[in-house]
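Reader: Hi! I'd like a close look at just one part of this protein, and I'm happy to take it slowly. Here is what I have on my screen.

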Amino acid sequence: MITGERMAAVDENAAALGVTQKQLMESSGNAVARAVRDAAEPDSSVAIVAGRGNNGGDAFVAARFLESYDCTTILLGRPSAIGTEIARENWDALENTDADVRTVTDSSAFEHPDADVVVDAMLGTGISGDLREPEATAARAINDSDATVIAVDVPSGFDADAGTGSDPGGRDALADNGVEADRVVTFHDEKPGLEELSADITVADIGIPAAAERYAGPGDLRVARPDGRTGRAFVIGGGPYTGAPALAAQAALRSGMELSFVSAPDAVAGEIQSYAEDLIVQPYDGDRLVPEQVDGLVETAERHDDVVILGPGLGTADETLEAARQFLESYTGPAVIDADALGVVPDLETEATLVCTPNRRELARMGGPETDDLEAAADELEEFAADLGHVVLAKGVDDVATDGERTRICRAGTPGMAVGGTGDLLAGIVAGLLEHAGPLEAATAGAYVNGRAGEIRAERMGQGFLASDLLEEVPVVLWSENDEGE
Ligand SMILES: NC(=O)C1=CN([C@@H]2O[C@H](COP(=O)(O)OP(=O)(O)OC[C@H]3O[C@@H](n4cnc5c(N)ncnc54)[C@H](O)[C@@H]3O)[C@@H](O)[C@H]2O)[C@H](O)CC1
Ligand SMILES: [K+]
């Protein structure tokens with residue numbers, strides 16, 4: 001089962017791996033043609049009703065594979081209105097053949113498709129709302145005909161996001177004026193809600209490599225990327241160390257947060273502030289975190305809907321770890337847990353949404369797998385996260401993000417990132433993304449951004465860069481890289 005948003009991300013990852021969307025469209029169209037051949041006698045007539053998006057593009061490809069049939073392709077709208085380059089290229093290619101192609105620009109000119117088989121390629125996953133004209137009239141005509149109706153990807157009018165919780169009105173997945181299909185050829189994986197229709201569903205393999213789902217790529221980044229600045233990061237850290245909380249707090253700002261607060265003992269608050277004027281340091285009495293501070297910290301974080309980063313530079317004093325535990329027992333919002341605070345997560349009762357970011361040593365101490373090869377231990381890690389009940393982003397040469405059911409591996413990065421502080425940076429990036437994205441999505445994209453930032457810096461500086469050097473690459477990766485195709 002795959003959602004529309006995830007499908008788009010996987011598509012983009014596939015393109016980055018060298019499998020272009022146009023190649024996928026060729027496979028999709030081929031699969032549709034196969035379904036038509038299964039449903040139609042050799043002397044049957046076929047009508048393809050195509051929209052102006054990529055769903056229509058799939059059908060232009062299918063038409064090329066159906067030359068031996070009495071096949072007519074009807075484009076709803078002008079060719080100049082075809083919305084994507086790859087669909088237009090396939091339209092042009094079809095027009096160069098002997099195929100029977102027509103355009104209908106006015107819904108009143110749409111005639112009852114007099115064919116044995118109708119291919120519904122008006123709208124796919126790009127739909128929003130009920131069908132508008134001319135698609136609405138065409139759908140009525142298709143539903144009134146006796147033809148076998150084969151839908152491309154989804155029946156036009158079907159919106160996998162409706163009725164699945166993201167639509168507060170609880171609208172049915174298939175619009176009232178949508179196409180009633182006999183068969184559906186859907187691509188790559190089942191779509192939520194499709195099996196509730198009475199149609200026969202075929203899932204066609206269109207050649208998306210498994211790596212596009214397994215390894216973090218630009219598609220994962222797009223899903224988690226903030227589209228502006230909002231939110232507050234609240235770093236609870238510092239005491240024995242001062243650099244770590246400052247780095248994490250700056251990384252959150254570089255990842256789209258509006259404000260970054262650091263709550264720190266007054267013995268070190270001035271030092272933390274002195275690293276960066278962009279931070280707002282809120283001191284409390286003493287030289288380390290103790291349980292007396294917990295109520296105030298929870299109150300602040302909850303009141304402002306902060307994304308918390310708990311751990312950087314806190315140290316391992318018993319009282320400090322007890323305070324970290326008490327904080328998480330009352331806090332109910334999102335938080336990234338790093339460094340020494342990770343030790344309190346096993347056996348913890350919390351309503352908070354956590355992303356835990358252990359390195360090899362911290363992971364072993366939490367009871368996770370002891371290994372240098374996280375990818376090889378991915379199944380074990382998934383089980384560990386399932387038992388823990390929280391998202392784990394395990395840091396190594398390759399990073400592994402898992403929520404206990406889904407696991408993604410991030411291979412981005414460079415040997416120079418073994419330098420101290422890159423983990424603090426990662427915690428801040430994940431927090432910035434957690435403001436908008438789900439915890440697994442934020443963890444996966446965060447690892448990818450951190451890794452890409454290292455790769456970009458290494459091109460200029462070799463492996464001698466510092467974690468603080470990577471700060472300014474973070475927004476470059478988040479907002480400037482991979483922007484083509486927008
Ligand atoms: N890996 C893949 O998933 C692949 C999928 N392919 C096919 O591409 C479509 C999705 O294509 P897309 O261009 O994003 O969207 P559509 O064709 O569904 O529609 C685009 C177009 O429609 C207009 N529109 C939106 N809502 C309505 C409405 N209610 N009434 C009328 N018109 C509407 C809007 O203007 C949109 O721009 C996917 O389903 C697959 O079939 C590719 O083959 C590549 C691989
Ligand atoms: K369709």
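Which helices each supply at least two residues of the shell around ligand 1? Please start there and walk me through that spot.

Author: Sure, and keep in mind as we go that this is a predicted model. The helices you're after are α1 (4–16), α2 (21–39) and α3 (54–65), and each one gives the shell around ligand 1 at least two residues. In total, 29 residues surround the ligand, and the closest are Gly 53, Asn 54, Asn 55, Gly 124 and Gly 126. If you sort the shell by chemistry, you get 15 polar residues, eight nonpolar ones and six charged ones.

Let's stay with α2 for a second, since there's a neat check you can do yourself. The helix has 19 residues, and at 1.5 Å a residue it should span 27 Å; its end C-alpha atoms are indeed 27 Å apart, so the two agree. Quite a few of its residues are buried: Leu 24, Met 25, Glu 26, Ser 28, Gly 29, Ala 31, Val 32, Ala 33, Ala 35 and Val 36. As you click through those, here's a handy bit of background: an α-helix has 3.6 residues a turn, so residues three or four places apart point the same way.

Now for what the records say. An unreviewed UniProt entry lists Asn 55, Asp 120 and Ser 156 under "binding site". Those three span 102 residues in sequence, yet no two of their C-alpha atoms are more than 9.3 Å apart, so they gather at one spot. You've already met Asn 55 as one of the residues closest to ligand 1.

Next, find Asp 120 in strand β4 (residues 117–121). Is it buried or exposed? Count the C-beta atoms around it: there are 35 others within 10 Å, and 20 are enough to call a residue buried, so Asp 120 is buried. Setting aside neighbours within four places in sequence, Asp 120 is in contact with a list of residues that includes Val 49, Ile 142, Val 179 and Ala 181. Ser 156 is on that list too.

Ser 156 itself sits in the loop between β5 (148–152) and β6 (183–187). Even in a loop, Ser 156 is buried, with 28 other C-beta atoms within 10 Å. Beyond residues up to four places away in sequence, Ser 156 touches Asp 120, and also Met 122, Leu 123, Leu 131 and Glu 135, among others.

One more stop, because the same annotation turns up again: the unreviewed entry's "binding site" label also covers Gly 423. You'll find Gly 423 in helix α14 (residues 422–434), and it is buried, with 22 other C-beta atoms within 10 Å. Leaving out neighbours within four places in sequence, its contacts are Asp 338, Thr 357, Asn 359 and Lys 395. Leu 426 is in α14 as well, and it is buried with 30 other C-beta atoms within 10 Å. Thr 357 and Lys 395 show up among the contacts of Leu 426, together with Gly 446, Ala 447 and Asn 450.

To place all this, zoom out. The domain assignment gives domain 1 (4–214) and domain 2 (226–480), and their centres, taken over C-alpha atoms, are 43 Å apart. Across the protein there are 17 helices and 16 strands, and buried residues make up 51% of the 486 residues.

Terms used:
Residues numbered from 1 in each chain as written. Chains lettered and ligands numbered in written order. Predicted model: local features only at pLDDT ≥ 70, side-chain atom pairs only at ≥ 80, totals over all residues. Near = placed C-beta within 6 Å. Helix = DSSP H or I, 4+ residues; strand = E, 2+ residues; numbered from the N terminus. Nonpolar A, V, L, I, M, F, W, Y, C, P; charged D, E, K, R; others polar. UniProt positions renumbered as here; feature names shortened; annotations may be inferred. Buried ≥ 20, exposed ≤ 12 C-beta atoms within 10 Å, placed from the backbone. Contact = placed C-beta atoms within 7 Å. Expected span 1.5 Å × (residues − 1). Domains from an automatic or database assignment.
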